[in-house]
Amino acid sequence: MNTTPQPDPKDRPARLTVGVVGAGRVGPALAASLQLAGHRPVAVSGVSDASRRRAAALLPDVPLVAPAEVLQRAELVLLTVPDDALPGLVTGLAETGAVRPGQLLVHTSGRYGARVLDPALRAGALPLALHPAMTFTGTAVDVQRLAGCSFGVTAPEELRLAAEALVIEMGGEPEWIAEERRPLYHAALALGANHLVTLVAQSMELLRTAGVEAPDRMLGPLLGAALDNALRSGDAALTGPVARGDAGTVAAHIEELRAHAPQAVAGYVAMARATADRALDHGLLKAELAEDLLGVLADGTASGATGPHGTTGGPAPTDGGDGGGTTGTDGTTGTDGTTGTDGTTGTDRTTGTDGTTGTDRTTGTDRTTGTDRTTDTDGIDGTEGDAR
């Protein structure tokens, strides 16, 4: 977290008027945080009722106007629209003469760097790409969560200090991302954040099917510890049946998923293969156990592939393929699937007190869960959602 003492806002020079184009979840929160730093929001554009409510809650008394008028009123303009809408918006604003020379134009898209703002640059604007790596709720809590949030920053070299200064004023931590690396940077965040939400949601559904009344309560300590351990130790934090090479347990898992959640089989197998590869590379999975495990996963793909609506490609085999622990006995009775309690309850992941007491690690998943990565569907014309 940035701990540098901040001067009183009224004592800071060069305070700017701020405008927001696209009152999704991100724009009003960033403008509110800039207001706390002494800048002055003067205009915001929004179409839907939800966008108007957000703007009214986070930026009270700031008028709602058309996008072109936002640019007329503001020295610093936040373009917080979906990724796909951003290039067309920038081109349209530049072609209509709305962009003014010397105007700071900031977009919050993770996918794009500064080049997407080239039409505005040619019109004299100063282009900045500031992407907050955090989830947004569209409420005042977002302003608080910006404290310590990393921002992916891309801008021309001569504007680098200005870009980083704005991030620090919002309480964030600037991370410089090269223009050509922006898509990879964004893919990395989506891989960890978006897919985490899907995995957790699937896990909760399966626990409910298994009879667990409070799956969120059961998963909270386990996932909090797993996240903490992974952030601290990387692949060394891997545990469970795949990392141990328990082919019989994995076969039982796949059979149960085929029976109760066939749509989850493909994802389970894909993640198990990726986990096995990483466990092998880091010496966690013994080579002599990997053959049977990979055989089970290959069989799971061949006979358990799901169609577009969750239908299976064929009946499950009665045995788990070649090798020990994959016969029909283990696959149907689940004997092997219940012996490794650390694989299912995660007791080995929660023994470290730092994994469970660090509540900021669990609440902080809001910064990485990736819900902000999805575009805000509040926009009637699809242009006022968040660029994440």
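**Reasoning about a predicted model**

In this predicted model, strand 4 and strand 5 are paired in the parallel sense over four bridges.

Q: What makes strand 4 and strand 5 count as paired?
A: Two strands pair if there are at least two bridges between them. Strand 4 and strand 5 have four bridges, so the condition of at least two is met. Among the partners, V106 is matched with L128 in strand 5, and H107 is matched with A129.

Q: In which sense do strand 5 and strand 6 run, and what makes them a pair?
A: Strand 5 and strand 6 (residues 150-154) run antiparallel and are joined by four bridges. At least two bridges are required, therefore these strands pair. Within this pairing, H131 stands opposite G152 of strand 6.

Q: What is the order of the strands in the open sheet, and why is the pairing called mixed?
A: The open sheet contains seven strands in the order 2-1-3-4-5-6-7. Strands of a sheet can pair either parallel or antiparallel. Strand 4 and strand 5 pair in the parallel sense, while strand 5 and strand 6 run antiparallel; the pairing is therefore mixed.

Q: Which are the edge strands, and what makes them so?
A: They are strand 2 (40-45) and strand 7 (173-176), each of which pairs on one side only. From one strand to the next, the twist averages 25°.

Q: Why is Q103 called buried?
A: Buried means under 20% relative accessible area; Q103 has 2% relative accessibility, so Q103 counts as buried. Q103 is found in the loop between helix 4 (86-95) and strand 4 (104-107). Leaving aside residues up to four places away in sequence, Q103 touches L71, A74, E75, V77, A98, G124, A125 and L126.

Q: How do you know that helix 1 is mostly covered?
A: Of the ten residues in helix 1 (residues 27-36), eight are buried. These are G27, P28, A29, L30, A31, A32, S33 and L34. Just after this helix, G38 takes a positive phi of about 110°.

Q: What makes strand 5 mostly covered, and which helix lies across it?
A: Six of the seven residues of strand 5 (residues 126-132) are buried. Helix 8 (residues 182-209) lies across strand 4, strand 5 and strand 6, and runs at about 20° to strand 5.

Q: How do you know that R160 lies over the face of W176?
A: The distance from R160 to the ring centre of W176 is 4.2 Å. The distance cut-off is within 6 Å, so this part of the condition is satisfied.

Definitions and conventions: Residues numbered from 1 in each chain as written. Predicted model: local features only at pLDDT ≥ 70, side-chain atom pairs only at ≥ 80, totals over all residues. Heavy atoms only, no water. Lys NZ or Arg CZ within 6 Å of the ring centre and 35° of its normal. Buried < 20%, exposed > 50% of the residue type's maximum accessible area, 1.4 Å probe, protein only. Helix = DSSP H or I, 4+ residues; strand = E, 2+ residues; numbered from the N terminus. Contact = heavy atoms within 4.5 Å. Axes fitted to C-alpha atoms, helices over the stretch in contact; angles between N-to-C directions.
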